[in-house]
Every structure is written in structure tokens, then in C-alpha cells.
Amino acid sequence: MQVEVLRVGVVGATVVAMDSSFPVDDLGRFARQVCFEGLGVEGQRRLRAGRALVCGCGALGSIVAGTLVRAGAGLVRIVDPDVVEEVNLQRQVLFDEQDAASRALKVTAAAAKLRLANSDVTVEPILARATHENIFSLCEGIDVIVDATDNFPSRFLLNDASIHLNIPWIYGGCLGAQGQTMTILPGRTACLRCLMPECPLVEATPTCVTAGILGPIVGVIASIEALEAIKILSGREEAVSRNLTVIDLWTNKIRQINTRSLRDQVDCPACKQGQLSWLSGSSSPGILPE
Ligand SMILES: [Zn+2]
């Protein structure tokens, strides 16, 4: 890619090359992140062409989508089947009391607010839950998938889709004051099933209804996920985390579990053996894996 450099701008203490193909208005909007050396003008230009699927538009999805839209991604596709309820407002930052009172669709209310934040970004609200039947159309033209769901069957589906379509994805989940996240570059890093060969039983898995959830851990995990997506969309994969990050904000513990060698150590049913049963539909929330 040839970039014509017309002038050099000084922003704060950092000198950055200004790409003449980048609209001046956008440079103004993004000046504070473009002058960050890791991103730069070229990273911002690539981010502007990037397309993200944010699967789920609740607590994690609100922050991930909001961050990507404000950062200047090209397209953010948000997918969620639910309406806004009062109990969501404690942590789902894109919604307000009016949305809850009118039981607005989450994707509709979110899209309206995201467009107000940055009208230059294409926001695609899709009223659906990701399934093996719609996942291919949801992933069409997408460069990165961000997990903002609240259940493992959906994550196992995203993992299969990522492997089959060769699209990076970012796993993230929160419960109580704990959260974890891991970025998967298919074929290059460990996938979710390298870590967790079988899907936990839904009925045995605590949820935010049974175990509660605190807003700050959502903010931390969603922010990590959003920046991992920005790294991928801006072509800075060398900066992507190779760790499973586990954070407990209540007990003040942060663990980084190196997953670099995990893919070599396990005979993963998904990324090694190619058993993508969640993508084929032979495994689903109501059907135990074969
Ligand atoms: Zn794997």
C-alpha cells in the first residue's frame, strides 16, 4: 500500500506522519489515538476499513461496540435478540431509563446511540441470536469477531466459525467480579477448545442471574476485548495478547496464563481434528456434543 506523505504534524510530544488520503476532519477527531505510536496514521486508515462483528449487545457488547465506533472502525455489526430491561441499566452503558420503559430492542437503541457518537461508522443492527443457521451471513465480510455473549454454546459456535472462516475472534466472559478473555488467531494460536475441549453444561454453569455481576469487571474485560479488536483491525497483530487473562477485581488478582504452547500440546477436537460440530448444528444448546 503506497501512502503519500505530504506533511509532518506535531501532536503533543510525538511526531506523526500525516497521510494525505485521510480526511482532515477525521484526523482531528482521532488526533489523540493517531499520535499513539502503536497505531499511527496507517493503523487508523486500516481500522477505518475494518469490519467487526460484535456478538451480543448487553454489558460487554455495549462497551465493545461503543469503543470500536468511537475509535473509527469502518463497520460494526451488532447482533442481539433481546429488549432493554431495567435490570440491565446497572452495567449496559448504551441504554437508559427510556429504553427500559419502552422495552426497546437492544440493537435498535444501541445503533441509534452509536450513530450519534460517530456517524461516519456503518452500524448494522441485527435482531437475532447467533446460530449455526445464521452464523455465515453474520460473519460475511467480517475481519474480527468479538464475543459479547453470555453463554458457552454461543462461544463454541463462534470458535467453530472462526476456524472454518479463518476470522480472528476474541473470547470474553464475566461473572460476579471476575472476568476472562483470550484472543484467538485461527491456525496460529490456541483456540477456545484447546483450552476447554467440551462445552460446560448450561444447567451447571452459573450466570449473572444466579451469581450476580458487577459493572467494573465488565468495563475491564470489554475494554481489553475492544483493544484486541483494534489491534487486529489496524494490522497490529504482533501486539495481540498470547495469554488467557483472568481478572478478579474483588480479590485484586490478575493472572496471565501463557497459551503459546497450548496448541502444540493438545489434540484439539476443533482446530486440530476439524470437528466443528457446533457449526454443523450437530452440537447445540439442546444437543450434547457427539
Ligand atoms: Zn484448538
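Of the 290 residues of the protein, 40% count as buried, a residue being buried if 20 or more other C-beta atoms, placed from the backbone, lie within 10 Å of its own. The model is predicted; local features need pLDDT of at least 70 and side-chain atom pairs count only at pLDDT 80 or more, whereas totals for chains, interfaces and linings use all residues. Residues are numbered from 1 along each chain as its sequence is written.

The protein contains 12 helices and 10 strands, taken as DSSP runs (helices H or I, at least four residues; strands E, at least two) and numbered from the N terminus. Among contacts (C-beta atoms within 7 Å) between residues at least 6 apart in sequence, 66% join residues at least 24 apart.

The largest nonpolar core, a set of buried Ala, Val, Leu, Ile, Met, Phe, Trp, Tyr and Cys residues joined through C-beta atoms within 7 Å, has 70 residues. Helix α10 (residues 215-233) gives the most to this core, with 11 residues. Val54, Val76 and Val146 have the most contacts inside the core. Leaving aside residues up to four places away in sequence, Val76 touches Ala52, Val54, Ala65, Leu68, Val69, Leu114, Val121 and Val123.

Helix α7 (residues 152-165) is largely enclosed by the rest of the structure, because 12 of its 14 residues are buried. Among them are Phe152, Phe156, Leu157, Leu158 and Ile163, together with the polar or charged Ser154, Arg155, Asn159, Asp160 and Ser162. The end C-alpha atoms of α7 are 20 Å apart, in agreement with the 20 Å expected for 14 residues at 1.5 Å a residue (1.5 Å times one less than the number of residues). Asn166, which follows α7, has a positive phi, near 55°.

Note on methods:
Contact = placed C-beta atoms within 7 Å.
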